[in-house]
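The questions below ask what stands behind the words used for this structure. Each reply sets a value against its cut-off and then concludes.

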Amino acid sequence: MGRNGDVGPGRHRAPLVCDGGWAAGVRCACVCAAVFWGLLLAADAGAGSLTWWRAGLWAVLALVLLVVLTPPRVSARSGLLVSRGLLSEHSVRTDRLVAVRRSGGVAQRLILRDAEGGRVELDPKVLVANPPLWRVLDEDARACLAAGLLVYGAHAMRQLSARVDGETAQAVFKVSGLG
């Protein structure tokens, strides 16, 4: 299998699992950027200083906000996890994971590294909100741990697994009327 998950002709390709909340995140980013642009235009018009070039400048600022707010699209199949942003794409071989790390701070991130130097940084909430995506990563990480490849990050994976299991159980209880 190649770096990007390509397989040769006639070989089975694992099903692709995608982030189910990505489209809603993109819609939210578009609405925020449009509202921001509208507010800037309204404030400028209210001050009597709105011109075509200023409207263009505000549009550029709104586009920058759109780029910043648009979440990356995360997808996975057995052996590969890909994070595609508007301006970049990163992939990691999940069947060759050597490190899984959680960064602290306000915006927590999960940083995955593979033996070939691939690196993906993603929001753990994406995995919590998408159990099928989590399952693909978890299965590959467990295999790497058993094979001795995953030398750093077993604790981070256990913590994330407990969080995903808790959120999934809570959702099941809520849907069934028990919670």
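Q: Why is arginine 93 called buried?
A: Arginine 93 has a relative accessibility of 8%. In this predicted model, a residue counts as buried under 20%, so at 8% arginine 93 falls in that class. Arginine 93 sits in the loop that links strand S4 (89–92) to S5.

Q: How far apart are arginine 93 and leucine 50 in sequence and in space?
A: They are separated by 43 residues in sequence, and their C-alpha atoms are 51 Å apart.

Q: What makes S5 and S6 a pair of strands?
A: Pairing requires at least two bridges between two strands. Strand S5 (residues 97–103) and strand S6 (residues 109–114) have six bridges, in the antiparallel sense, so the requirement is met. Leucine 97 is found opposite aspartate 114 of S6. Five residues lie between the strands of this hairpin, where glycine 105 has a positive phi near 105°.

Q: How do you know that S6 and S7 pair?
A: Four bridges join S6 to strand S7 (residues 119–122), again antiparallel; at least two are needed, so the two strands count as paired. Isoleucine 111 has glutamate 121 in S7 as its bridge partner, and leucine 110 stands opposite leucine 122 in S7. This hairpin has four residues between its strands, and glycine 117 in the turn has a positive phi of about 95°.

Q: Which strands of the open sheet are at its edges, and what makes them edge strands?
A: The sheet has three strands in the order S5-S6-S7, with antiparallel pairing. S5 and S7 are the edge strands, since each pairs on one side only. On average, neighbouring strands are turned by 15° against each other, direction ignored.

Q: Which helix lies across S5 and S6?
A: Helix H5 (residues 154–176) does, and it runs at about 65° to S5.

Q: How many helices and strands does the protein have?
A: It has five helices and seven strands. From the N terminus the elements follow the order β-α-α-β-β-β-β-β-β-α-α-α.

Q: Why is the protein called more spread out than a compact globule?
A: For 179 residues the globule rule gives 16 Å, whereas the radius of gyration is 21 Å, well over that value; the protein is therefore more spread out than a compact globule. The C-alpha trace spans about 70 × 45 × 35 Å along its principal axes. Of the 179 residues, 32% count as buried.

Conventions: Residues are numbered from 1 along each chain as its sequence is written. This is a predicted model: local features need pLDDT of at least 70, side-chain atom pairs count only at pLDDT 80 or more; totals for chains, interfaces and linings use all residues. Side-chain values use heavy atoms; hydrogens and water are left out. Helices (H or I, at least four residues) and strands (E, at least two) are DSSP runs, numbered from the N terminus. Buried means under 20% relative accessible area, exposed over 50%, partly exposed in between (1.4 Å probe, protein chains only). Axes are lines fitted to C-alpha atoms, for helices over the stretch in contact, and angles run from 0 to 180 degrees between N-to-C directions. Contact means heavy atoms within 4.5 Å. The radius of gyration is taken over C-alpha atoms; the globule rule is 2.2 Å times the number of residues to the power 0.38.
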